[in-house]
Amino acid sequence: MSEELNKQIAKRRTFAIISHPDAGKTTLTEKLLLFGGAIHVAGAVKSNKIKKTATSDWMEIEKQRGISVATSVMGFNYEDYKINILDTPGHQDFAEDTFRTLTAVDSVIIVVDVAKGVETQTRRLMEVCRMRKTPVIIFVNKLDREGLDPFDILDELESELKIGVRPLSWPINIGAKFKGVYNIYEHGLDLFTPSKQTVTERIEINDINSPEIDKLVGEADAAKLREDLEIVEGVYPDFDVDAYHRGELAPVFFGSALNTFGVKELLDCFVRIAPEPQPVQAEERVIDPHEETFSGFVFKIHANMDPNHRSCIAFVKVCSGKFERNVNYKHIRLNKQLRFAAPTAFMAQKKSIVDEAYPGDIVGIPDTGNFKIGDTLTSGEEVHFKGLPSFSPEMFKYIENADPMKAKQLDKGIQQLMDEGVAQLFVNQFNGRKIIGTVGQLQFEVIQYRLLHEYGAQCRWEPISLYKACWIDSDDEAELAAFKKRKHQFMAIDRQGRDVFLADSSYVLSMAQRDFPKIRFHFTSEF
Ligand code: G4P
């Protein structure tokens, strides 16, 4: 193992920030970038948001697609650390993108709004983290606004997110009377002064009984703080970094991203406790980042905005060894050697050509159709990374050709958009019709628009009433064959040729589960 490689791995922190829309993810991201010197004014990241309007604004979406290439990965240096934040789309219709991004991170920061508590999208994203045992830190945001009692918030986090919690900071009041937080992790008092740009001053307090606290926040609040902290110490287990790394215990911080309050404390603790790039499970074996030979996988593909050049950027997460420019790597699925003359790094929101990259880094590779989501690149070893599950979509429609002269273009467009992971395609084995499955209505609109503008093809949607698509398998071949025969009208295959049962209601699904006990029904494609 080379020392340089070890050093580079130890300093890297690759993570995503996730939240329900409006909890403050964009604001927090921006403040982290300010600390890293990656941007100089607040508001710079703001434009990277598909606004959460129900009506879709095409110009906006197209604009966002362009901007979000630059901001999908934001790398910056902080102290001795190299930090990579992987951005996830705010709009819930693109949740699938977020799931995939979570396969490329070593940890996650969850932002929760103190007034709203745990909301639906946070709950869903946490399910993915739990499945993958991703370590999470929770940032309770908007303490400058009225909200829930901190003990109630902690109870809610624990029960709704199904994870142990351990506060590492504690608020002194909230809303109009918010005075600051006591930092349990570093023993200090951070007093709140509303400000959008400046950094808070830390007052070191070694003893919680110090009269200094009374002077700073007043006797009543100091007494309440001591009482609260006593309860915290009594109720919550000591912070155990191993339990955090196992994904069982989430440290919790309180603050206000908009006021840059509690953000530096979060970042300082994060770089110290968050895991460095971790081993990754491939189908064949576990791959350790410290191995000398390079390996990586594509977790995201971004289509270029320019419809005349159908080039894309494939986002490759480096899993082991050193990635180098102009060196031959094996594209495992295509069994082909490829070398990349212009790989890009994502530092401080600017794209620049990079000569080398290390585990935890993301490299952008300009591509003209070689890559699909989930593809593996290596120095030569035949390994396949897994862990890019497809989830059963929530909405389904038949896709039909609306312009008979452009059937080829439509097919090509559908295939390429599916390679990019825009939605899922199933082919019904009974009538041969194509079904597109998405997480939300907006995706259908995006597909239709892009097929027209990028491929010159016109599609038409036709309704199909489906409840869920489940991937099925069984150890009992005969039962599987019997099931497929009985349900032949509702059987489809996905793009990998796997059997998918299209259940049209939850009743039908539970009946099928009852009648065919030897068949396993999966709601994700990874099993
Ligand atoms: P998101 O990416 O999770 O969707 O949330 P975002 O950061 O955009 O924040 C959502 C709204 O919450 C924004 O207001 C933002 O200014 C506000 N916000 C974020 N952190 C705090 C905080 O600590 N305290 C308070 N009071 N508000 C906070 P907006 O009105 O939707 O946008 P804007 O007009 O301010 O840009």
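In the hairpin formed by β2 and β3, two residues sit between the strands, and Glu-79 adopts a positive phi near 50°. The model is a predicted one, and this hairpin offers a friendly place to begin reading it. Strand β2 spans residues 73–78, while its partner β3 covers residues 81–86. The two strands pair in the antiparallel sense, with six bridges between them. Val-73 of the hairpin faces Leu-86 in β3. Strand β2 is also mostly covered, since five of its six residues count as buried.

Stepping back to the whole chain, the model contains 14 helices and 31 strands. The chain has 527 residues, and 55% of them count as buried. Among contacts with a separation of 6 or more, 71% are between residues 24 or more positions apart. About 22,400 Å² of the chain is exposed, and carbon and sulfur atoms supply 50% of that area.

Helix α13 shows how burial can be laid out around a helix. Glu-479, Leu-480 and Phe-483 are its buried residues to look for. These residues lie on the same side of α13, because they cover an arc of only 100° around the axis. The face turned away from the buried side carries Glu-477, Ala-478 and Lys-485, which are exposed. Several elements help to cover the buried residues of α13, including β28 (468–474), β29 (491–493) and β30. Helix α14 (506–515) and strand β31 (519–522) are also part of this cover. At the N-terminal end of α13, Asp-476 acts as a cap, with a side-chain oxygen 3.1 Å from the backbone nitrogen of Ala-478.

Helix α13 also takes part in a salt bridge. The side chains of Lys-484 and Asp-499 meet with N and O 2.8 Å apart. Lys-484 belongs to helix α13 (residues 477–486) and Asp-499 to strand β30 (residues 499–503), so this pair ties together parts that are 15 residues apart in sequence. Lys-484 has a relative accessibility of 31% and therefore counts as partly exposed.

In total, the model has 33 salt bridges. One of these joins Asp-411 to Lys-434, and their closest N and O atoms are 3.1 Å apart. Asp-411 is found in helix α11 (residues 407–419) and Lys-434 in strand β26 (residues 434–438), so the bridge ties together parts 23 residues apart in sequence. Both ends of this bridge can be placed on the accessibility scale. Asp-411, at 35% relative accessibility, counts as partly exposed. Lys-434 is partly exposed too, at 23%.

Another salt bridge links Arg-433 with Glu-462, whose closest N and O atoms are 2.7 Å apart. Here distant parts of the chain are linked: Arg-433 lies in the loop between β25 (424–428) and β26, and Glu-462 lies in strand β27 (residues 459–463), 29 residues apart. Arg-433 has 26% relative accessibility and so counts as partly exposed. Glu-462 is partly exposed as well, at 25%. This pair does not stand alone, as salt bridges with shared partners join Glu-400, Arg-433, Arg-460 and Glu-462 into one network.

Notes: Residues are numbered from 1 along each chain as its sequence is written. This is a predicted model: local features need pLDDT of at least 70, side-chain atom pairs count only at pLDDT 80 or more; totals for chains, interfaces and linings use all residues. Side-chain values use heavy atoms; hydrogens and water are left out. A salt bridge is a side-chain nitrogen of Lys or Arg within 4 Å of a carboxyl oxygen of Asp or Glu. Helices (H or I, at least four residues) and strands (E, at least two) are DSSP runs, numbered from the N terminus. Buried means under 20% relative accessible area, exposed over 50%, partly exposed in between (1.4 Å probe, protein chains only). The arc is that of the directions from the helix axis to the C-beta atoms. Contact means heavy atoms within 4.5 Å. A polar contact is a pair of N or O atoms within 3.5 Å; within protein, one must be able to donate a hydrogen and the other to accept it, and residues adjacent in sequence count only if both atoms are side-chain atoms. Accessible areas come from the Shrake-Rupley method with a 1.4 Å probe; for residues, only the protein chains shown count as cover. Two strands pair if DSSP finds at least two bridges between them.
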